[in-house]
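I opened this notebook to record what I looked up in one structure, going from the whole chain down to a few aromatic rings.

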Amino acid sequence: PSGPVSGAIAPRLPELGLMLPYTPLHVLLTAALDRPLVMTSGNLSDEPIAADDDDALARLGPMVDAMLTSDRPIHIRCDDAVVRARPTGKPVQILRRSRGFAPEPIPLVRPTRAQVLAVGAELKNTVAVAKGPTVVASHHIGDLEHLAAYRSFLQAVDHLCALTGVAPEVVAHDLHPEYLSTKFAADLDLPAVGVQHHHAHIASCLVEHGREAPVLGVAFDGLGMGTDGTVWGGELLVADLDSFERVGHLRTVPLPGGNMAIREPWRMALAWAHAALGREAAERYGRGADERWPAVLAMVERPETILTSSAGRLFDAVAALCGLRERVTYEAQAAIHLEAACAGVPLGDGPGWDVDVGRAGDLTVLDPSPLVARVVAERDRRTPVPDIAAGFHDGLGRAVADTAVELARAAGLDAVALSGGVFQNARLTQVVTARVAAAGLAALVHEHLPPNDGGVSVGQAAIAAR
């Protein structure tokens with residue numbers, strides 16, 4: 001707060017992102033100009049980097065004051081890597097594994113007999129190849145829903161195979177049939193291995209730690225196609241590199257409007273208010289959120305609306321209920337603001353509100369409805385938002401850790417692995433890992449791969465290799 005930095009930079013967040021000079025040219029430029037430089041990757045949002053001068057002038061020329069060109073052509077696009085300072089443990093967490101990290105090989109515990117191409121997920125896409133004792137992941141490619149990014153994906157597949165000398169004999173892909181990466185895999189004349197999204201997340205964490213033995217995996221993210229017709233995202237799995245069993249999950253709630261619920265978190269707030277407190281509470285929230293609330297409430301109550309166990313959408317809902325963010329302009333913005341809100345509350349000082357834990361058949365179900373109801377009640381009491389945010393984080397983290405430990409012990413496991421984009425949340429990760437470690441189990445977190453979908457291709461490759 002006391003720094004000489006504009007409030008328009010990283011608004012409402014307690015951290016600043018800094019670009020380090022990764023070439024001597026950056027040092028010379030900043031030394032020569034006695035003023036700040038606003039420098040970033042040469043691309044529009046969600047598009048790949050412009051890799052030649054003509055493309056850069058056409059796409060970016062109208063928006064910039066100057067352009068630095070070179071007579072040396074760019075051989076392959078490679079985005080900036082992004083890391084985040086960690087409060088404890090390893091000094092940084094990798095959020096985007098790209099320049100400076102990719103394509104460094106990652107060892108496999110057991111060599112693969114077949115050469116594998118893994119085509120990753122739809123968002124934060126990377127591709128990977130497995131050959132002999134290693135798996136090699138590409139640089140960050142981006143979100144494949146954009147044509148330019150998909151073209152970059154095709155280029156990356158060719159480049160990585162050529163770079164590593166891999167002639168794929170097997171292709172691994174996500175289970176979601178509408179992902180462009182899945183459709184690409186289906187068009188190849190190769191045996192295909194479909195890998196469940198959250199299994200791939202946990203597998204990527206196992207690869208990092210050089211582990212073959214099964215773990216209790218906690219895979220929390222925005223969404224991934226489940227095997228039961230619902231959208232998963234808050235999963236407890238007994239998993240290794242060969243197989244997985246779903247042993248628990250967050251309670252499922254409707255996903256009103258599909259992808260619109262991602263861009264408009266107030267929709268998930270309404271869905272969770274309805275699940276936790278009933279129709280009257282959902283109506284009360286909806287009236288103050290958006291004039292379209294009756295239509296969204298109708299979706300929530302319609303039995304054919306797809307259900308989701310997504311932890312990411314739960315964080316979105318609570319952020320919206322706290323008044324932090326009802327619409328987003330970038331992925332996970334609401335959840336990021338919710339984490340930021342409790343930055344001033346020391347860890348352990350939060351009240352740690354309750355989560356119901358029950359059974360549905362053979363599955364353990366964590367029901368955050370009491371947490372959501374408490375959030376609404378505290379807002380009505382005008383409790384400061386930082387205290388509400390801390391209570392939510394600490395309550396959810398404790399419940400997740402305790403349930404994971406119980407399920408791990410029941411299965412005879414000695415470790416809990418955390419993966420998925422929600423575990424970019426430093427506070428939640430701290431609460432869970434500290435409680436797992438206090439129970440005497442190993443807590444495995446990502447160190448060399450991002451917990452988000454950027455690591456999925458490595459998990460896919462390792463599973464297909466087995």
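The entries below begin with the whole chain and end with a group of rings.

**Entry 1, the model.** I am working with a predicted model, in which local features need pLDDT of at least 70 and side-chain atom pairs count only at pLDDT 80 or more, while totals for chains, interfaces and linings use all residues. Residues are numbered from 1 along each chain as its sequence is written, and side-chain values use heavy atoms, with hydrogens and water left out.

**Entry 2, the whole chain.** I looked up the secondary structure and found 15 helices and 15 strands, where helices (H or I, at least four residues) and strands (E, at least two) are DSSP runs numbered from the N terminus. The radius of gyration is 22 Å, close to the 23 Å from the globule rule for 466 residues, so the chain is as compact as a globular protein of that length; the radius is taken over C-alpha atoms, and the rule is 2.2 Å times the number of residues to the power 0.38. Along its principal axes the C-alpha trace spans about 65 × 55 × 45 Å.

**Entry 3, burial and contacts.** I noted that 50% of the 466 residues count as buried, meaning under 20% relative accessible area, with exposed over 50% and partly exposed in between (1.4 Å probe, protein chains only). Among contacts (heavy atoms within 4.5 Å) between residues at least 6 apart in sequence, 66% join residues at least 24 apart.

**Entry 4, aromatic rings.** I then asked how many aromatic pairs the chain has. The count comes to five, where rings of Phe, Tyr and Trp (its six-membered ring) pair if their centres lie within 6.5 Å, and planes under 30 degrees apart count as stacked, over 60 as edge-to-face and the rest as tilted. One of them joins Tyr-150 and Phe-153, a stacked pair with 5.5 Å from centre to centre and 25° between the planes. These two residues sit three apart in helix H3 (residues 147–164), and are thus separated by about one helical turn.

**Entry 5, a second pair.** Next I looked at Phe-153 and Phe-184, whose ring centres lie 5.2 Å apart with the planes at 80°, so this pair is edge-to-face. It links distant parts of the chain, since Phe-153 belongs to helix H3 and Phe-184 to helix H4 (residues 180–187), 31 residues apart. Are these rings buried or exposed? Phe-153 is buried at 0% relative accessible area, and Phe-184, at 13%, counts as buried too. Tyr-150 is also buried, and I closed the entry by noting that Tyr-150, Phe-153 and Phe-184 form one aromatic cluster.
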